[in-house]
Amino acid sequence: MRPLPGGRPQVVLRKLFERLGVTFIKLGQLIASAPSLFPEEYVEEFQGCLDRADPVPYATVRAILAADLGAPIESVFSSVDERPLASASIAQVHAAVLAGSGKEVVIKVVKPGTADIITADLNAVYLATRLLEFIQPELQRLSLAPILAQLRASMADETDLLKELAHLTTFSDFLDKRGLRGVATCPYAYRQYSSKRVLVLERLRGVPLTDLDAIRRVTSRDPETVLITALNVWGASVLDAETFHADVHAGNLLVLPDGRVGFIDFGIVGRISEGTWRGLEALLVAVGTQDYATMARALGAMGATGPDVDYDAFARDLADFFGGLDQLQGSLVVAAAPAGSGGVGGVGAALEVDQAAVNRLALELVRVAESHGVRVPPDFSLLLKQSLYFDRYVRALAPGLQVLSDDRVQWRGGGGGGGGGGSDAFVTVAGGGSAVSFVQ
């Protein structure tokens with residue numbers, strides 16, 4: 001391993017974590033998402049601890065496929081692209097074509113040894129944390145050991161692609177139950193070829209939700225209508241499905257040639273607990289009216305850690321936070337069309353949402369709450385981040401859209417219909433020209 005360069009301690013530590021591999025990259029992401037536990041400069045620096053890695057050789061992928069398929073690879077796939085479409089720390093993805101039917105698919109493969117590495121690394125870190133808590137009991141207030149235990153369980157799930165298959169199936173069943181297949185879809189899963197290490201899915205050809213020019217090239221459907229569809233379908237899934245898609249950045253929401261929205265990559269999902277939901281209902285009413293005093297008490301009901309919360313001060317800080325939402329801006333970028341973009345090739349302009357900025361804004365709200373003794377539940381944090389993404393999409397595709405008054409946004413009552421059919425209400429914070437869409 002090459003020596004690490006000098007510099008600020010947080011930069012050196014982040015680079016060290018990236019070199020140490022999958023487990024420490026995930027720990028870096030934990031630091032980035034816990035502003036109440038770590039110094040601000042570390043939280044900010046570890047926003048750059050990305051879940052990416054060099055691909056493993058195709059020969060290794062081929063050996064895993066041969067072992068898990070239980071049949072000659074050529075009898076299942078007529079071709080497999082040896083160059084991966086994507087490679088992260090835990091898994092990588094290859095394009096392929098099914099033998100016989102000629103259907104295009106993608107193959108997601110967990111990298112060999114990942115589960116063992118994660119187990120060994122996290123067990124060591126967990127034991128070290130418990131030892132530190134024993135030596136310094138005051139560290140127990142940070143709840144590091146329970147957080148690491150939760151992270152260990154979460155990462156174990158990521159190495160089991162049957163868990164992702166289950167999440168995908170949940171969303172697919174939701175679409176069928178609500179009659180939404182005409183406006184939205186997700187990849188078909190080939191269960192007979194899938195296992196804990198291998199997931200074979202239909203390849204959806206489309207363009208990112210934020211690429212206006214590409215949307216107009218691939219479909220005759222109005223981009224604003226497409227956005228409302230995505231908003232309605234995702235919001236309804238928060239309420240009606242067992243889990244909701246918790247990573248709706250533009251790369252995971254595709255606009256297909258037939259105008260439908262394609263939801264892909266269900267590796268990260270969220271659940272809303274009953275307790276969080278009760279507090280959230282009160283919060284969202286306050287969000288819609290900019291009643292920050294009620295908003296503060298609703299957040300407190302979800303996660304107050306003591307009786308001494310100064311709700312007046314908390315309300316003032318919330319007002320400052322929502323008044324500053326305009327700091328998160330989309331930017332026009334020129335880039336090559338992404339892989340799997342359905343025939344849209346070459347170079348084009350697209351509105352790109354700054355994912356790091358979304359993270360920072362979500363973290364800021366968590367920091368504001370926790371500075372007043374209110375610990376925001378993780379499921380609410382996930383929901384907030386997705387809502388911030390949709391806020392940016394409104395700015396990109398339909399800056400004139402009035403979410404509160406547009407009849408195409410399904411406010412109440414069920415049913416699928418033109419826009420996609422949400423079951424209850426979307427509430428919008430309309431402060432300073434911003435529109436943050438939530439589900440109520």
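**Group meeting: a walk through the predicted model**

I will start at Arg 395, which is partly exposed at a relative accessible area of 26%. Buried here is under 20% relative accessible area, exposed is over 50%, and partly exposed is what falls in between, with a 1.4 Å probe and protein chains only. Arg 395 sits in helix H15. Helices (H or I, at least four residues) and strands (E, at least two) are DSSP runs, numbered from the N terminus. The C-alpha of Arg 395 is 9.8 Å from that of Thr 210, and 185 residues separate the two along the chain.

Some ground rules. This is a predicted model, so to speak of a local feature takes a pLDDT of at least 70 and side-chain atom pairs count only at 80 or more, while totals for chains, interfaces and linings use all residues. Residues are numbered from 1 along each chain as its sequence is written, and side-chain values use heavy atoms, with hydrogens and water left out.

Now the overall figures. The protein chain has 15 helices and 15 strands. Of its 440 residues, 50% are buried. The chain exposes about 19,500 Å², and 53% of that comes from carbon and sulfur atoms; areas are from the Shrake-Rupley method with a 1.4 Å probe, and for residues only the protein chains shown count as cover. Contact means heavy atoms within 4.5 Å. Among contacts in the chain with a separation of 6 or more, 64% join residues 24 or more positions apart.

Next, the interior. A nonpolar core is a set of buried Ala, Val, Leu, Ile, Met, Phe, Trp, Tyr and Cys residues joined through side-chain atoms within 4.5 Å. The largest one holds 51 residues, and Val 233 and Phe 263 have the most contacts inside it. At least two residues of this core come from each of several elements, including strand S4 (104–110), helix H8 (161–178), helix H10 (223–240) and helix H15 (378–397). H10 gives the largest share, nine residues. Another core, of 23 residues, lies apart from this one, and Tyr 292, Ala 298, Ala 369 and Leu 388 are among its members.

On to helix H8. How does its span compare with what 18 residues at 1.5 Å a residue should give? The end C-alpha atoms of H8 are 26 Å apart, in agreement with the 26 Å expected, where the expected span is 1.5 Å times one less than the number of residues. At the N-terminal end Asp 160 acts as a cap, with a side-chain oxygen 3.0 Å from the backbone nitrogen of Leu 162. I count a polar contact as a pair of N or O atoms within 3.5 Å; within protein, one must be able to donate a hydrogen and the other to accept it, and residues adjacent in sequence count only if both atoms are side-chain atoms. After H8 comes Gly 179, with a positive phi near 65 degrees. The buried residues of H8 include Glu 164, His 167 and Arg 178.

Aromatic pairs: there are seven in the structure. Rings of Phe, Tyr and Trp (its six-membered ring) pair if their centres lie within 6.5 Å; planes under 30 degrees apart are stacked, over 60 edge-to-face, and the rest tilted. Phe 171 and Phe 174 make a tilted pair, 5.7 Å centre to centre with 45 degrees between the planes. These two phenylalanines are three residues apart in H8, which means about one helical turn between them. Both Phe 171 and Phe 174 are buried. Tyr 190 and Tyr 193 make a stacked pair, at 6.4 Å and 20 degrees. Tyr 190 is buried at 9% relative accessible area, whereas Tyr 193 is partly exposed at 23%. These two tyrosines belong to one aromatic cluster with Phe 77 and Tyr 188.

Helix H13 (residues 311–323) has 13 residues and reaches 18 Å between its first and last C-alpha, close to the 18 Å expected. At its start, a side-chain oxygen of Asp 310 comes within 3.3 Å of the backbone nitrogen of Asp 312. Buried positions in H13 include Tyr 311, Phe 314, Leu 318 and Phe 322.

Last, two loop aspartates. Asp 247 lies in the loop between strand S8 (244–245) and S9, and is buried at 16% relative accessibility. Leaving out residues up to four places away in sequence, Asp 247 touches Asn 252, Ile 268 and Gln 386. Asp 265 lies in the loop between S10 and strand S11 (269–270), and is partly exposed at 36%. Most residues other than glycine have a negative phi. Asp 265 is not a glycine, yet has a positive phi of about 65 degrees.
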